Amino acid sequence: MPENFLDNVLASSVVLLAFLVLMGLVFTIWSYLKMRKKRQYFEKVHKELAPGQEVMFGGGIFGTVKEIDGDRVAVKVRSGATLDVSRYAIQEID
């Protein structure tokens, strides 16, 4: 009887391990696809950046693009101040 019990425990452990490996694989693929989609979105946002566009930074600050100089962008905020920020700090174009 104990031998049969150990065989059952071993079989159920193998099934559980296979299930966990499968779930890990599905999660890894899902994460990769989601990250690739996000990366494509940000590449598009950063390439389409142009003066006059309303933008939002990662911290929730809104402004209007005034000038683009390579990776630096001059953004005018509501108070009238002009911020010099990295192109990659911009999260969204309105």
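Leaving aside its neighbours within four places in sequence, with which residues is Tyr-41 in contact? I shall return to that after an overview of the chain.

This is a predicted model, in which local features need a pLDDT of at least 70 and side-chain atom pairs count only at pLDDT 80 or more, while totals for chains, interfaces and linings use all residues. Residues are numbered from 1 along each chain as its sequence is written, and side-chain values use heavy atoms, with hydrogens and water left out.

Confidence comes first. The mean pLDDT, the predictor's confidence in each residue from 0 to 100, is 90 for the chain, and 97% of the residues score at least 70. Among the elements, strand β3 (residues 72-76) has the highest mean, 95, and helix α1 (residues 2-47) the lowest, 89.

Turning to architecture, the chain has one helix and five strands; these are DSSP runs numbered from the N terminus, helices being H or I of at least four residues and strands E of at least two. Their order along the sequence is α-β-β-β-β-β. The chain is more spread out than a compact globule, because its radius of gyration is 25 Å, well over the 12 Å that the globule rule gives for 94 residues. That radius is taken over C-alpha atoms, and the rule is 2.2 Å times the number of residues to the power 0.38. Along its principal axes, the C-alpha trace spans about 85 × 25 × 20 Å.

Buried residues make up 17% of the 94, where buried means under 20% relative accessible area, exposed over 50%, and partly exposed in between (1.4 Å probe, protein chains only).

Now to Tyr-41, which lies in helix α1. Tyr-41 is partly exposed, at a relative accessible area of 37%. With those sequence neighbours set aside, Tyr-41 is in contact with Gln-91 and Glu-92, contact meaning heavy atoms within 4.5 Å. Val-65 is 24 residues from Tyr-41 in sequence, and their C-alpha atoms are 19 Å apart.
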